[in-house]
Amino acid sequence: MKHSSLVQKPEEQIQMVDLKSQYLTIKTEIDGEIQEVLDSTRFIGGNKVNEFADNLKTYLGTQHVIPCANGTDALQIALMALGLEKGDEVIVPSFTYVATAEVICLLGLKPVMIDVEYGTFNINAELVLNAITPKTKAIIVVHLFGQCSEMDGILKLAKEKGIFTIEDHAQAIGSVYTSEDTGSKKSGTMATIGTTSFFPSKNLGCYGDGGAIFTNDDVLAAKLKMIANHGQEKKYYHSVIGCNSRLDAIQAAILNVKLKRLDTYCQERAKVAYEYDRNFADIEELILPERIENSTHVFHQYTLKLVNGRRNDLIDHLKKEGVPAMIYYPVPLYKQKAFAPFTDVDNLSTTEQLCKEVISLPIHSEMKEQVQEYIIQSVHKFFNA
Ligand SMILES: *Cc1c(COP(=O)(O)O)cnc(C)c1O
């Protein structure tokens, strides 16, 4: 950025995610795909959904893709398929979106919330190990903000202890983890089961709700599919209690168009992130998002830590400048009223600190240079004042 010349405030309103600009770049193709579904009147199931499941299977390099209604359902169905019993413990990060832990409680299981690393916002094997008891049956790993957790250690530990793993990669689809032992794998394909969300603002987002479940295990895949479809083995024969969770054909058609571009979208986000990094490196009060060697980062969020205790002032300042900023997440999960009956954790120091320090800036695949320069300038203005 040229510090000497002042960047003009962009005419358009700056947004955290710019879905409109993205839509306009693919409008012809998207509109055509939606029209095709309308003409077919095949709104649930059918070609488009199967096509998308196949495309995603190829993209991720996994054996099975089971599309479902949203990322929260994906997590719930994953847990239901593991055959857990009431009171079994599921280890989950304390610093994540509510959905990850909510489903554990819904199923009568016990969430064991653990602290995360300060640098990456993710859990690691050491943090998991301290929380394992004889009742631990599963670990939900979240690749928060777009970078994989250190899966090698977590998977090794889980295997040793005979514990299932679930990868919630709602924020990290497209990222690649390079294992010391097994080489490079896409996020969501390493654990017993992977889950994701196609909520519109996710890196691979549809135009409504959507989600998917992944596994390399044939038996589990059959079970997951059955649970997502009313526990139905064949039509009108129900062998287990399931739910109704489907990706509809219009969403699948949209996702087919966007999946082809996912890698580009992720690269564009990473470019924006590096530009932020480069320009904020000299601000002492800001800690840049840490990268680990074994994972790429697809930057669902660009999340800084502000260590001078003036986060609210920064947010107010940015707001006056017309720059949105968000706090993901302001409250540790175990401090949410809803979780009080389910957890006995009351202080995980890194999570507490992160909730006070994090701030996420606008990042998306259509960020214009001038807009980013303006955002950077606005941040500098605050620290130079
Ligand atoms: C978005 C998200 C979910 C939930 O996805 P929905 O499709 O909104 O249900 C779950 N986990 C994480 C980490 C998410 O970011």
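This is a short dialogue about reading a predicted model, from the ligand outward.

Visitor: Where do I start with the ligand? Which residues come nearest to it?

Guide: Start with the residues around the ligand. There are 13 of them here. Gly71, Thr72, Asp168, Ser197 and Lys202 come nearest.

Visitor: How do those residues divide into nonpolar, polar and charged?

Guide: Sort the shell by residue type. Four residues are nonpolar, seven are polar and two are charged.

Visitor: Which helices each supply at least two residues of the shell?

Guide: Look for α3, residues 71–81, and α4, residues 98–106. Each of these gives the shell at least two residues.

Visitor: What should I look for between a side chain and the ligand?

Guide: Look for pairs of N or O atoms within 3.5 Å, called polar contacts. Take threonine 72 as a case. One of its polar side-chain atoms sits 2.5 Å from a ligand oxygen atom. Aspartate 168 has a polar side-chain atom 2.7 Å from a ligand nitrogen atom. For lysine 202, an N or O atom in the side chain is 2.7 Å from an oxygen atom of the ligand.

Visitor: How much of the ligand's accessible area does the protein cover?

Guide: Compare the ligand on its own with the ligand in place. Alone, the ligand has 380 Å² of accessible area. The protein covers 92% of that area.

Visitor: Now the nonpolar core. Which residues touch the most other members?

Guide: The largest nonpolar core has 59 residues. Phe95, Tyr276 and Phe280 touch the most other members. Helix α12, residues 369–384, gives the largest share of this core, with seven residues.

Visitor: Why does this core lie between domain 1 and domain 2?

Guide: Check which domains give residues to the core. Domain 1 covers 25–259, and domain 2 covers 262–384. Both contribute, so the core lies between them.

Visitor: How do I read the backbone angles?

Guide: Know the usual pattern first. Most residues other than glycine have a negative phi, and most peptide bonds are trans. Then look for exceptions.

Visitor: Where is there a cis peptide bond?

Guide: Go to tyrosine 328 and tyrosine 329. A cis peptide bond joins them, with omega at about 5°. Tyrosine 329 is in the loop between α10, residues 311–321, and α11, residues 349–357.

Visitor: What is phi for threonine 41 and for phenylalanine 145?

Guide: Threonine 41 has phi near 50°, a positive value in a residue other than glycine. Phenylalanine 145 also has a positive phi, near 65°.

Visitor: Where do these two residues lie?

Guide: Threonine 41 is in the loop between α1, residues 19–40, and α2, residues 47–60. Phenylalanine 145 is in the loop between β4, residues 136–142, and α6, residues 151–161.

Visitor: Is each of them buried or exposed?

Guide: Use the relative accessible area. Under 20% is buried, and over 50% is exposed. Threonine 41 has 55%, so this residue is exposed. Phenylalanine 145 has 2%, so this residue is buried.

Visitor: Can we try a residue with a side-chain contact? What joins serine 94 and threonine 351?

Guide: Find serine 94 in the loop between β2, residues 89–93, and α4. Serine 94 is buried, at 1% relative accessible area. A polar contact of 2.6 Å joins its side chain to that of threonine 351.

Visitor: How do I compare separation in sequence with separation in space?

Guide: Count residues along the chain, then take the C-alpha to C-alpha distance. Begin with cysteine 105, in helix α4. Cysteine 105 is buried, with a relative accessible area of 11%. Threonine 343 is 238 residues from cysteine 105 in sequence and 9.7 Å from it in space.

Visitor: How far apart are leucine 247 and glycine 210 in space?

Guide: They are 5.5 Å apart, C-alpha to C-alpha, and 37 residues apart in sequence. Leucine 247 is in the loop between β11, residues 237–238, and α8, residues 249–259. At 3% relative accessibility, leucine 247 is buried.

Visitor: And alanine 131? How far is it from isoleucine 91?

Guide: Alanine 131 is 40 residues from isoleucine 91 in sequence. Their C-alpha atoms are 7.3 Å apart. Alanine 131 lies in the loop between α5, residues 125–129, and β4. Its relative accessible area is 12%, so alanine 131 is buried.

Conventions. Residues are numbered from 1 along each chain as its sequence is written. This is a predicted model: local features need pLDDT of at least 70, side-chain atom pairs count only at pLDDT 80 or more; totals for chains, interfaces and linings use all residues. Side-chain values use heavy atoms; hydrogens and water are left out. A residue is near a molecule or strand if one of its heavy atoms lies within 4 Å of it. A polar contact is a pair of N or O atoms within 3.5 Å; within protein, one must be able to donate a hydrogen and the other to accept it, and residues adjacent in sequence count only if both atoms are side-chain atoms. Accessible areas come from the Shrake-Rupley method with a 1.4 Å probe; for residues, only the protein chains shown count as cover. Helices (H or I, at least four residues) and strands (E, at least two) are DSSP runs, numbered from the N terminus. Ala, Val, Leu, Ile, Met, Phe, Trp, Tyr, Cys and Pro count as nonpolar, Asp, Glu, Lys and Arg as charged, and the others, Gly among them, as polar. A nonpolar core is a set of buried Ala, Val, Leu, Ile, Met, Phe, Trp, Tyr and Cys residues joined through side-chain atoms within 4.5 Å. Buried means under 20% relative accessible area, exposed over 50%, partly exposed in between (1.4 Å probe, protein chains only). Domain bounds come from an automatic or database domain assignment.
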